[in-house]
Amino acid sequence: MHAPPPLFGHRIAATDGAARAGVLATAHGPVETPVFMPVGTAGTVKAMTADAVRATGARLVLGNTYHLMLRPGAEQVARFGGLHRFMDWPGPILTDSGGFQVMSLAKLRKLDAGGVTFQSHLDGATHRLTPARAIEIQHLLDATITMALDECTPFPASKAEASASMELSMRWAALSRETFVPRPGYALFGIVQGSVYPALRAASAAALTRLGFDGYAVGGLAIGEGQATTFAVLDATVPHLPADRPRYLMGVGTPSDLIGAVARGIDMFDCVMPTRAGRTGRAYTSAGVFNLRNARFATDDRPLDPHCACPACTRHPRGYLHHLFKADEMLGPMLLTWHNLTYYQDLMRGLRAAIVEGRFAAHAAAVRAGWTGQPDAEPEEA
Ligand SMILES: [Zn+2]
């Protein structure tokens, strides 16, 4: 007899200040938090096999509804048994609702009270995304964690614009909630909007909490407002979210952003930064950010990061990685993506251990100091 799948939940194992160490229970296995999700845009974490993604320590990946609904199509993925089987990722998958990419990638998009009509950036075909369709697509993909459809309020926005946009997202959140089909171990998250206005963020958090979601995301950040404002919005938002539910900061960010957000009580993150940077020769390391294309690495016989156990760091000198990028060899982006994802996973694991041991602030300061030798400095190009 098989045991029934676990109910979705977030058990807090330890706290240190506002920072939390926990475990997400899902239908597709447990996930330790705080957690960073590699972005598997179109059913693949670019340049990585699924085994390689697992080898970095990642346990939860993100898929993009917008890309998958256009190609190959949600119904097509469902015919293959869902995204887990399609991309060989039996572990948990979170899918976004598609709203953010529609607004940033699609052509001739037209927003109305019921949803958004847009032309595919691939072939110009007309599509429509509504709260109900966004939920249906994510169900077809078999997402472990489904996101409600929202409008990512552009930045900057006046308070009146941000308020109208947030109210629309709250109506869509209610419609998403009505459409979602609950299953054991699966979850639906709502998304807090409200731009940089604390009162709007608090109102959004209250509206979502009244509806009741399995987790709560903070959206509409890291779109040009700057880190200090991102953190100020978190300070104004997180206290209004239920303590017993996971909190997800969408689309963030740099290692420095992650540390600051974990300190403010965020549990989950996703960002294209480590994968995108890896494809262009930029490495996040315990000593800061390196651009492997830089000529000074041509004769450098040292490992990329002596503290990292990934293949790029344990099997090759910096000079080889430099050569791969200069020669436009595809192994360069593959190795550096592997490294950057490993660095992000190691960073989160280190933060989690520090929370459990009650030394989060000292650990965070030591990590930051390693980047430049200067406590509290931003990671910089080395
Ligand atoms: Zn490495």
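## The largest pocket

Helix H5 gives the largest share of the lining of the largest pocket, namely five residues. This is a predicted model, and the pocket is a good place to begin a tour of it. The space in this largest pocket comes to about 800 Å³. Helix H5 (99-105), helix H9 (227-237) and helix H11 (273-279) are the elements that give two or more residues to its lining.

In total, 41 residues line the largest pocket. If you would like to find its centre in the structure, look for Phe100, Gln101, Gly251, Asp270 and Val272, the lining residues that lie nearest to that point. Sorted by class, the lining holds 18 polar, 15 nonpolar and eight charged residues.

## An enclosed cavity

Pockets are one kind of empty space, and cavities are another. Rolling a probe the size of a water molecule over the atoms shows where empty space is left. Here the count comes to one cavity of 30 Å³ or more, and the space in the largest cavity is about 30 Å³.

Which residues line the largest cavity? They are Gly99, Met103, Leu111, Val116, Leu149, Asp150, Glu151 and Trp172. By class, five of the lining residues are nonpolar, two are charged and one is polar.

## The nine-stranded sheet

Now let us turn to the strands. Nine of them form an open sheet with parallel pairing, and the order across it is S4-S15-S14-S13-S12-S11-S7-S6-S5. At the edges you will find strand S4 (35-37) and strand S5 (39-40), each of which pairs on one side only.

For a closer look at one pair, take strand S6 (residues 61-63) and strand S7 (residues 93-95), which run parallel and are joined by three bridges. Val61 has Ile93 of S7 as its bridge partner. A helix also lies across part of this sheet: helix H6 (residues 131-141) crosses S7, strand S11 (145-147) and strand S12 (187-192), and runs at about 160° to S11.

## A three-stranded sheet and a hairpin

Three strands, in the order S8-S9-S10, form an open sheet with antiparallel pairing. Strand S8 (107-112) and strand S10 (126-129) each have a single partner strand, so one side of each is left without a neighbour in the sheet. From one strand to the next, the twist averages 15°. Within this sheet, strand S9 (residues 115-119) and S10 run antiparallel and are joined by four bridges, with Gln119 standing opposite Thr126 in S10.

Strand S1 (residues 9-16) and strand S2 (residues 19-25) also run antiparallel, with seven bridges between them. One of the pairings to look for is His10 with its bridge partner Leu24 in S2. S1 and S2 form a hairpin with two residues between them, and Gly17 in the turn has a positive phi of about 65°.

## Helices that pack on H15

Two helices pack against H15. The first to visit is helix H10 (residues 255-263), which packs with helix H15 (residues 360-372) at an angle of about 170°, their axes 11 Å apart. That angle makes H10 roughly antiparallel to H15. From H10, the contact involves Pro255, Ser256, Ile259, Gly260, Val262 and Ala263, while H15 brings Phe360, Ala364, Val367, Arg368 and Trp371. Eight of these contact residues are nonpolar, two are polar and one is charged.

Next comes helix H14 (residues 331-356), which packs with H15 at an angle of about 150°, with the axes 8 Å apart. H14 is therefore roughly antiparallel to H15. Here Tyr343, Leu347, Gly350, Leu351, Ala354 and Ile355 of H14 meet Phe360, His363, Val367 and Trp371 of H15. The residues of this contact divide into eight nonpolar and two polar, with no charged ones.

## Details of the backbone

A few spots in the loops deserve a look as well. The peptide bond from Phe155 to Pro156 is cis, with omega near 0°, and Pro156 sits in the loop between S11 and helix H7 (159-179). Another cis peptide bond runs from Val252 to Gly253, with omega near 5°. Gly253 belongs to the loop between strand S14 (247-249) and H10.

Which residue has a positive phi although it is not a glycine? That is Asp88, with a phi of about 60°. You can find Asp88 in the loop between helix H4 (83-86) and S7.

Technical notes: Residues are numbered from 1 along each chain as its sequence is written. This is a predicted model: local features need pLDDT of at least 70, side-chain atom pairs count only at pLDDT 80 or more; totals for chains, interfaces and linings use all residues. Side-chain values use heavy atoms; hydrogens and water are left out. Two strands pair if DSSP finds at least two bridges between them. Contact means heavy atoms within 4.5 Å. Axes are lines fitted to C-alpha atoms, for helices over the stretch in contact, and angles run from 0 to 180 degrees between N-to-C directions. On a 1 Å grid over the protein atoms alone, a cavity is a set of points where a 1.4 Å probe fits but cannot get out, and a pocket is an open set with protein on both sides within 12 Å along at least five of seven lines; lining residues have an atom within 4 Å of a point. Grid points are joined across faces, edges and corners, and a volume is the space filled by probe spheres set on the points. Ala, Val, Leu, Ile, Met, Phe, Trp, Tyr, Cys and Pro count as nonpolar, Asp, Glu, Lys and Arg as charged, and the others, Gly among them, as polar. Angles under 35 degrees count as roughly parallel, over 145 as roughly antiparallel, 65 to 115 as roughly perpendicular and the rest as oblique.
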